[in-house]
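Thanks for making time this morning; I would like to walk through one structure with you, beginning inside one chain and ending where two chains meet. Please have the sequence and the model open while I talk.

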Amino acid sequence: MTEVRVLSASGQIGSGFLESSFQRGISLKPHVIACDGGSTDAGPVHLGSGKPHFSREGTKRDLRLMLKGRDQLKVPLIIGSCGFGGGDDGVAWMRDIALEIAKEEGLSFRLALVRSEQDKEYLKRRLREGRIRPLSPAPSISEDVIDRSTHIVGMMGHEPLADAVSKGAEVVLAGRASDTALFSTVPMMMGAGAGPAWHAAKILECGTACVVQRKRPDSIMAWVRDDHFDIEPMDMDVRCSAQSVASHTLYENADPFLITEPSGTIDSYESRYQALNDRSVRVNGSRFRPAEQVTIKLEGAELAGYQAIIIGGVREPFILRQLDSWLAAMQEKFFARVQEMFNGRLGRDDYDIHVRVYGRDGVMGKLEPYADRIGHEVALLFTITTAEEAATDAIAKTFAHFALHYPIPEWRGLISGIAFPMAPAHVNRGPAYRFNLNHVVVPDSPLEMFRTEFMEV
Amino acid sequence: MTRLGDLAQLIRSKNAGAFTLTFDVMFDTQESYERVRASKVLNKKNFAAMYHVPEEEVTFFEHDAARAIKISIPRPYVQSSREDGDAYGGQQHAPLVDLEIPD
């Protein structure tokens with residue numbers, strides 16, 4: 001019976017884990033250590049700007065322990081979606097941290113950098129060839145969408161990672177990758193059952209999210225065998241139950257039974273979960289159904305503009321009873337002021353002011369069932385967006401003043417209708433991004449969209 | 001009548017990627033799971049009406065091993081788009097908490 005032991009350091013590198021948990025994992029002699037480094041969950045800014053999500057301090061602390069652990073055991077370490085968005089900037093950032101740690105700790109290893117950022121000409125060619133398909137739902141795609149994206153990544157599966165490890169890579173820092181593939185790669189290479197390998201990987205990639213009552217991000221380990229896997233969190237204070245493991249495929253997926261990966265589908269319809277003891281669980285019956293063609297998901301981000309925000313409260317009942325008309329009228333009248341300031345250079349379509357009303361429907365927007373109710377106060381969050389940083393700043397500061405004094409018919413005399421908690425009232429957010437793709441590419445091979453560089457450290 | 005929030009172990013919403021919103025209603029006893037399932041209060045039609053989507057865009061699963069009901073819809077606003085008020089999609093389940101389940 002094959003047994004492959006996989007140690008997941010944490011759900012996200014940079015979010016931390018207990019050193020004692022990780023060291024317990026090391027003492028159990030895993031064949032591979034892996035950790036996910038990114039997600040779309042924190043929004044398009046990380047892909048759009050190339051900037052990471054977690055702190056450098058937190059990331060370096062986590063990576064140091066992982067590099068020392070793998071050095072002690074001489075096993076591969078695989079980290080994917082580096083820099084959170086997983087673009088080439090993110091891979092470079094993680095590489096630099098790894099090189100610093102290697103120097104400080106006197107470590108040496110064969111490093112593979114597997115980049116996932118996509119060449120625009122390649123994508124446009126694939127688009128013309130009909131090799132790019134929308135997922136559901138998807139924004140529309142065109143060569144223009146590709147061109148105006150700041151960064152586009154393809155989500156690699158296990159093949160580029162396996163290729164790097166088979167060529168002697170001891171540390172793999174990958175760009176955007178399937179979180180699951182980071183953990184399924186070595187079990188697949190070592191001949192474990194594909195169903196258990198992939199299902200275990202799906203659970204491991206989130207760290208201790210699958211435990212009964214999660215205390216904090218932390219390490220977890222799986223024993224992957226031919227037809228089942230066992231899973232146990234490393235902190236003795238924390239436990240998995242049959243239900244907590246079973247419910248993990250629900251997390252962040254629309255279908256809890258079929259999860260699509262680049263090279264196939266994880267099928268947990270027949271999976272059975274049994275408690276081995278009060279902390280660990282065995283899972284039988286998981287299947288992996290290989291796809292006829294590998295499909296690589298694209299993620300893309302484009303600049304939405306430069307943004308500023310204004311936050312303020314309204315407490316005055318006469319304003320509250322006509323809130324929408326007051327907000328609409330002030331924005332309507334404000335355009336004349338914009339024309340004055342910019343001497344007609346900015347038209348109506350060159351700036352955008354969007355307002356959310358907290359205390360009414362700020363969280364749910366059009367879905368709010370109680371949107372007809374307002375209490376005694378609301379918070380207004382205005383978002384001002386233009387294509388130019390300086391114009392956003394000018395409009396935001398002017399609008400804050402304009403809105404503050406916008407009258408209502410009930411009062412004769414100058415009013416101040418918004419309570420700003422601080423002044424100046426506006427805060428520049430800098431560049432804002434939006435996701436612009438939800439598509440897959442059908443490449444000729446699972447490796448063609450990714451570039452691997454080896455380094456001796 | 002009992003409130004769903006008082007019967008469920010966990011009710012949550014979350015992004016399933018940037019374009020889909022997924023809801024989980026989980027139970028810690030078989031009895032509460034069966035009761036809510038049998039009531040059919042959570043179904044595609046009701047959900048479609050509450051969340052303003054066509055019924056055919058709602059996906060619905062019951063996961064017995066997890067004692068969970070999962071419902072997903074296209075995200076009302078794409079994650080972090082202009083109108084989106086919930087980048088992680090974590091607060092859109094709120095009206096489900098007060099749903100009444102018959103005794």
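Let us begin with a single pairing, in which Ile78(A) has Val172(A), a residue of strand β7(A), as its bridge partner. This is a predicted model, and what I say about it should be heard with that in mind. The pairing of Ile78(A) with Val172(A) belongs to a contact between strands, in that β3 of chain A, residues 77-84, is joined to β7(A) by 3 bridges, and these two strands run parallel. Strand β7(A) also pairs with β4 of chain A, residues 110-115, again in parallel, and here there are 4 bridges. Within that second pairing, the residue that stands opposite Leu173(A) is Leu113(A).

Which way do the side chains of β7(A), residues 171-174, point? Val171(A) and Leu173(A) point to one side of the strand, while Val172(A) and Ala174(A) point to the other, and all of these residues are buried.

Stepping back to the whole of chain A, we have 13 helices and 20 strands, with the C-alpha atoms filling a box of roughly 85 × 50 × 45 Å along the principal axes. Of the 457 residues in this chain, 57% are buried. If we take the contacts in chain A between residues at least 6 apart in sequence, then 78% of them join residues that are at least 24 apart.

Now to the interface, where chain B contributes 43 residues to the contact and chain A contributes 40. The area buried between the two chains comes to about 3,300 Å², and carbon and sulfur atoms give 57% of that. On the chain B side, the residues that lose the most area to chain A are Phe19(B), His63(B) and Arg82(B), which together account for 20% of what that side buries.

How many salt bridges does the rule find across the interface of chain B and chain A? There are 3, and one of the salt bridges is formed by the side chains of Glu252(A) and Lys14(B), at 2.5 Å from N to O. Turning to polar contacts, the rule finds 20 residue pairs across this interface, counting those with both residues at pLDDT 80 or more. The elements of chain B that give two or more residues to the side touching chain A are β2 (10-15), β3 (20-26), β4 (59-63) and β5 (68-74). By class, that side of chain B is made up of 17 nonpolar, 15 polar and 11 charged residues.

Methods
Residues are numbered from 1 along each chain as its sequence is written. Chains are lettered from A and ligands numbered from 1 in the order in which they are written. This is a predicted model: local features need pLDDT of at least 70, side-chain atom pairs count only at pLDDT 80 or more; totals for chains, interfaces and linings use all residues. Side-chain values use heavy atoms; hydrogens and water are left out. Buried means under 20% relative accessible area, exposed over 50%, partly exposed in between (1.4 Å probe, protein chains only). Two strands pair if DSSP finds at least two bridges between them. Contact means heavy atoms within 4.5 Å. Buried area is the accessible area (1.4 Å probe) that two parts lose on being put together, summed over both. A salt bridge is a side-chain nitrogen of Lys or Arg within 4 Å of a carboxyl oxygen of Asp or Glu. A polar contact is a pair of N or O atoms within 3.5 Å; within protein, one must be able to donate a hydrogen and the other to accept it, and residues adjacent in sequence count only if both atoms are side-chain atoms. Ala, Val, Leu, Ile, Met, Phe, Trp, Tyr, Cys and Pro count as nonpolar, Asp, Glu, Lys and Arg as charged, and the others, Gly among them, as polar.
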